[in-house]
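Visitor: Could you walk me through this model, one question at a time?
Guide: Gladly, let us look at it together.

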Amino acid sequence: MKLWGGRFTKEENQLVHKFNASIDFDQRMYRQDIEGSIAHVTMLAAQGILTDAEKDIIIKNLQQIRSEVEDGTLVITEEYEDIHSFVESVLIERTGDVGKKLHTGRSRNDQVALDMKLYVRDEIDEIDTLLKKLLQTLLSMMEQNLDTYMPGFTHLQKAQPVTFAHHLGAYFEMFKRDRGRLSDIRSRMNLCPLGAGALAGTTYPLDRELTASLLHFDGPTLNSMDSVSDRDYLVELLSALSTIMIHLSRFCEEIILWNSNEYRFIELDDAYSTGSSIMPQKKNPDIAELIRGKTGRVFGALTTMLTVLKGIPLAYNKDMQEDKELTFDAIDTVKGCLVLFEGMIRSMHVKKEIMEISSKRGFTNATDAADYLVRHGVPFRDAHGIIGQLVLICIDRGISLDELPLEEFKKVCPVFEEDVYEAISLKTCVEQRQTLGAPGRAAMEKVITLEKKYLED
């Protein structure tokens with residue numbers, strides 16, 4: 001008999017049971033369910049609704065159930081409808097009538113709302129830890145590549161010279177914002193729904209502030225209907241997870257390009273590559289490609305969550321059970337991708353010489369050559385056209401601007417002198433850009449100092 005079966009005269013159809021049940025996926029919340037129950041029964045005793053003896057019996061058995069699930073001596077089976085039914089049924093089997101008092105002043109509606117918040121809060125903390133580790137790896141790589149010149153791109157065309165440290169720094173900012181989004185979500189969701197009942201509270205004299213405090217919430221929720229039907233924080237979470245995956249996917253796309261035979265900017269470690277079953281020469285960036293592909297999986301979870309919620313009237317509806325499986329999968333996907341991605345970039349080999357050659361061959365110093373003319377009194381629009389002509393000459397000869405003889409410079413514009421070569425060297429092009437956020441070494445060192453302080457704080 002179900003815990004709710006008193007009103008029913010017939011057994012539930014087995015197909016209905018399987019369709020309705022959530023035990024196969026919500027069992028991962030057993031720790032949060034037991035944690036919430038311990039707080040609830042502690043509050044009930046404090047309010048005189050249960051005796052201290054009853055509280056102690058229930059808590060002791062709940063802790064024992066948790067231990068047995070964790071060591072595998074107690075198996076969660078599909079005969080139970082959900083994790084809440086499992087925990088309460090086992091408790092009642094072991095304690096009899098005392099265990100039946102656990103659910104006093106509580107509904108599965110506020111119970112599941114609590115469990116999901118506790119679970120998500122724990123997972124946000126774990127994802128934040130993984131993001132911080134990734135940021136530490138990026139910062140270390142930035143420090144190692146302050147003088148590693150590479151082309152910066154717009155429209156996938158070589159544009160201006162930067163450093164690999166500067167390029168990595170762009171992703172550092174993205175993942176830093178990802179941590180900020182998760183922190184905002186955690187703060188906004190950190191109100192306790194327990195005590196809301198099914199939707200209208202309860203006649204028992206519950207101390208919701210105590211329960212919230214025991215569970216490390218900032219306080220109780222302020223509307224019982226909203227408490228049991230709020231899944232806004234999951235929309236926010238899935239949106240934040242989708243943004244993390246966008247950043248991972250963009251980075252993976254660049255790694256795939258850089259690892260190609262055409263770029264050869266980096267080489268992935270064998271541990272993060274795979275081969276071909278037919279082509280023995282192949283070394284494929286499969287991990288980067290899989291992370292890029294799994295981005296759509298997380299996007300799908302967000303779209304599903306939005307669709308589930310869009311037409312649900314207040315308060316609780318069974319549709320909301322769909323929030324768990326997709327959220328769990330999105331969380332698992334992001335965590336797995338973060339772990340693999342961090343290892344992949346930490347172990348990859350950066351080919352500094354090839355990056356530098358690519359910068360020179362791509363005329364990334366053309367803007368600086370135009371600026372040279374401007375400093376010698378040539379209007380910028382004229383300078384732009386002059387450098388364009390010189391680039392065409394270099395393309396025709398298969399050389400870079402650095403390799404063009406001075407007399408060829410002077411044929412197009414007599415303003416050029418020997419110092420043009422120093423002015424358009426990669427080192428000068430990069431080092432002259434010293435505004436905060438630019439790729440010059442001094443500017444980057446300031447940023448790295450700020451980022452170190454951010455990670456320490």
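The questions below go through pockets, salt bridges and a few single residues of this predicted model.

Visitor: Hello! Which element gives the largest share of the lining of the largest pocket?
Guide: Let us begin with the pocket itself, which holds about 590 Å³ of space. Of its 30 lining residues, Gly152, Val162, His166, His167 and Ala170 are the closest to the centre. At least two lining residues each come from β1 (149-154), β2 (157-163), α8 (164-189), α11 (232-258) and α20 (441-456). The largest share, seven residues, is supplied by α8.

Visitor: How many residues of the lining of the largest pocket are charged?
Guide: The lining divides into three classes, with 16 residues nonpolar and eight polar. The remaining class, the charged one, has six.

Visitor: Which residues lie nearest the centre of the second largest pocket?
Guide: This pocket contains about 310 Å³ of space. Its lining divides into three nonpolar, five polar and five charged residues. Among the 13 lining residues, the ones nearest the centre are Asn259, Ser260, Asn261, Gln281 and Lys283.

Visitor: Now to charges: Arg94 forms a salt bridge with which residue?
Guide: The model has 33 salt bridges in total, and in this one the closest N and O atoms are 2.6 Å apart. The pair links distant parts of the chain, 26 residues apart, with Arg94 in helix α5 (residues 83-95) and its partner in helix α4 (residues 52-71). Arg94 is partly exposed, at a relative accessible area of 35%. The partner is buried because its relative accessibility of 15% is under 20%, and that partner is Glu68.

Visitor: Why are Asp97 and Lys100 separated by about one helical turn?
Guide: The two form a salt bridge, with 3.5 Å between the closest N and O atoms. Asp97 is exposed at a relative accessible area of 56%, and Lys100 is exposed too, at 51%. They are about one turn apart because both sit in helix α6 (residues 97-100) with a spacing of three residues.

Visitor: What is the distance between the closest N and O atoms of Glu445 and Arg441?
Guide: Both residues belong to helix α20, four residues apart, about one turn of the helix. Glu445 is partly exposed at 36% relative accessible area, and Arg441 is partly exposed at 30%. Their salt bridge has its closest N and O atoms at a separation of 3.1 Å.

Visitor: Asp115 has no salt bridge, so how far away is the nearest side chain of opposite charge?
Guide: Asp115 lies in helix α7 (residues 108-144) and is buried. Apart from neighbours within four places in sequence, Asp115 is in contact with Met29, Gln32, Asp33 and His84. A salt bridge needs a nitrogen within 4 Å of a carboxyl oxygen. The nearest side chain of opposite charge is Arg106, at 6.5 Å.

Visitor: Last one: is Glu325 buried, partly exposed or exposed?
Guide: Glu325 is found in helix α13 (residues 322-347). Its C-alpha is 7.7 Å from that of Asp26, although 299 residues separate the two in sequence. The relative accessibility of Glu325 is 45%, which falls between the 20% and 50% limits, so Glu325 is partly exposed.

How values were computed:
Residues numbered from 1 in each chain as written. Predicted model: local features only at pLDDT ≥ 70, side-chain atom pairs only at ≥ 80, totals over all residues. Heavy atoms only, no water. Buried < 20%, exposed > 50% of the residue type's maximum accessible area, 1.4 Å probe, protein only. Lys, Arg positive; Asp, Glu negative; His and termini not counted. Contact = heavy atoms within 4.5 Å. 1 Å grid on protein atoms, 1.4 Å probe; cavity = no way out; pocket = protein on both sides within 12 Å on 5 of 7 lines; lining within 4 Å. Points joined across faces, edges and corners; volume = space filled by probe spheres on them. Nonpolar A, V, L, I, M, F, W, Y, C, P; charged D, E, K, R; others polar.
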